[in-house]
Amino acid sequence: MTDHETLSAHEAGPDEFRDMMSGFPSGVSVVTAIGPDGLPRGMTCSSVCSVSLAPPTIVVCLRYGSPTLEAVLDSGTFALNLLHSRAESVAMLFASADPRRFDTTPWRSGPTTGGPHLVRDAHSIADCAVMLTQRVGDHVAVFGRTRLITRHQQHSPLLYGLREFRPWAAT
């Protein structure tokens, strides 16, 4: 028999879940796509995970009903812009409802991109084709087959945890 303390448990609510997950730092990205009207869409996303090396696949979790999710599903493609440590203001901008976010952030898009590339603010960008989607609660998990990878900046990655942005600190 082991000596341990018995912990009480109760069903988690949204605030408790958010508090718990804030203690799990993650990289910060902006998912982008071109909407059905030809205009760029994008949102900050820290719910990103590599899934498979063969084929190279990632999953991003996007809010159900968001214009970015609509653009991703309509186009069947998206770009995952991994933000560098000097891009905190862009992370905040794309987390806001500011309709001018693409007017104030340099970006490029073309026929081979999955969505707009945030050329000044991303250290790496993955252009992806949608393989599978699954709605879970108020979000949709979007599995993307990575087709192209572009490296831009040599800055360290931007992290988010405990409700704060921080650069990756190599020790």
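How much space lies in the largest pocket? In this predicted model, the largest pocket holds about 1500 Å³ of space. Its lining comprises 42 residues, of which T44, C45, S46, S47 and H139 are the closest to the centre. Several elements each supply at least two residues of that lining: the helices α1 (14–22), α2 (67–75) and α3 (88–95), and the strands β3 (40–45), β5 (56–63) and β9 (158–161). Strand β3 gives the most, with six residues. By class, the lining of the largest pocket divides into 22 nonpolar, eleven polar and nine charged residues.

The second largest pocket holds about 250 Å³ of space. It is lined by 16 residues, and I58, L82, A126, T146 and I149 are the closest to its centre. Strands β4 (48–53), β5, β6 (77–83), β7 (122–136) and β8 (139–151) each supply at least two residues of this lining. Nine lining residues of the second largest pocket are nonpolar, six are polar and one is charged. Strand β5 is listed for the largest pocket and also for the second largest.

The largest nonpolar core has 16 residues. Within this core, V31, V60, L62, V72, F78 and V142 touch the most other members. At least two core residues come from each of β2 (29–34), β3, β5, α2, β6, β7 and β8. A second core, separate from the largest, has twelve residues, including V28, A87, F102 and F165.

Aromatic contacts were searched across the whole structure, and three pairs were found. F102 and W107 form an edge-to-face pair, with 5.6 Å between centres and 80° between planes. F102 counts as buried because its relative accessibility is 9%, under the 20% cut-off. W107 has 32% relative accessibility, so W107 counts as partly exposed. Ring pairs also link F94 with F102 and W107 into a cluster.

Y160 and F165 form a tilted pair. Their ring centres lie 4.8 Å apart, and the planes make an angle of 55°. The pair is tilted because 55° falls between the limits of 30 degrees for stacked and 60 for edge-to-face. Y160 is partly exposed, with a relative accessible area of 30%. F165, at 15% relative accessibility, counts as buried.

One further contact involves a charge and a ring. The charged end of R135 sits over the ring of Y64, at 3.5 Å from the ring centre.

Note on methods:
Residues numbered from 1 in each chain as written. Predicted model: local features only at pLDDT ≥ 70, side-chain atom pairs only at ≥ 80, totals over all residues. Heavy atoms only, no water. 1 Å grid on protein atoms, 1.4 Å probe; cavity = no way out; pocket = protein on both sides within 12 Å on 5 of 7 lines; lining within 4 Å. Points joined across faces, edges and corners; volume = space filled by probe spheres on them. Helix = DSSP H or I, 4+ residues; strand = E, 2+ residues; numbered from the N terminus. Nonpolar A, V, L, I, M, F, W, Y, C, P; charged D, E, K, R; others polar. Core = buried A, V, L, I, M, F, W, Y, C linked by side-chain atoms within 4.5 Å. Buried < 20%, exposed > 50% of the residue type's maximum accessible area, 1.4 Å probe, protein only. Phe/Tyr/Trp six-rings, centres within 6.5 Å; stacked < 30°, edge-to-face > 60°. Lys NZ or Arg CZ within 6 Å of the ring centre and 35° of its normal.
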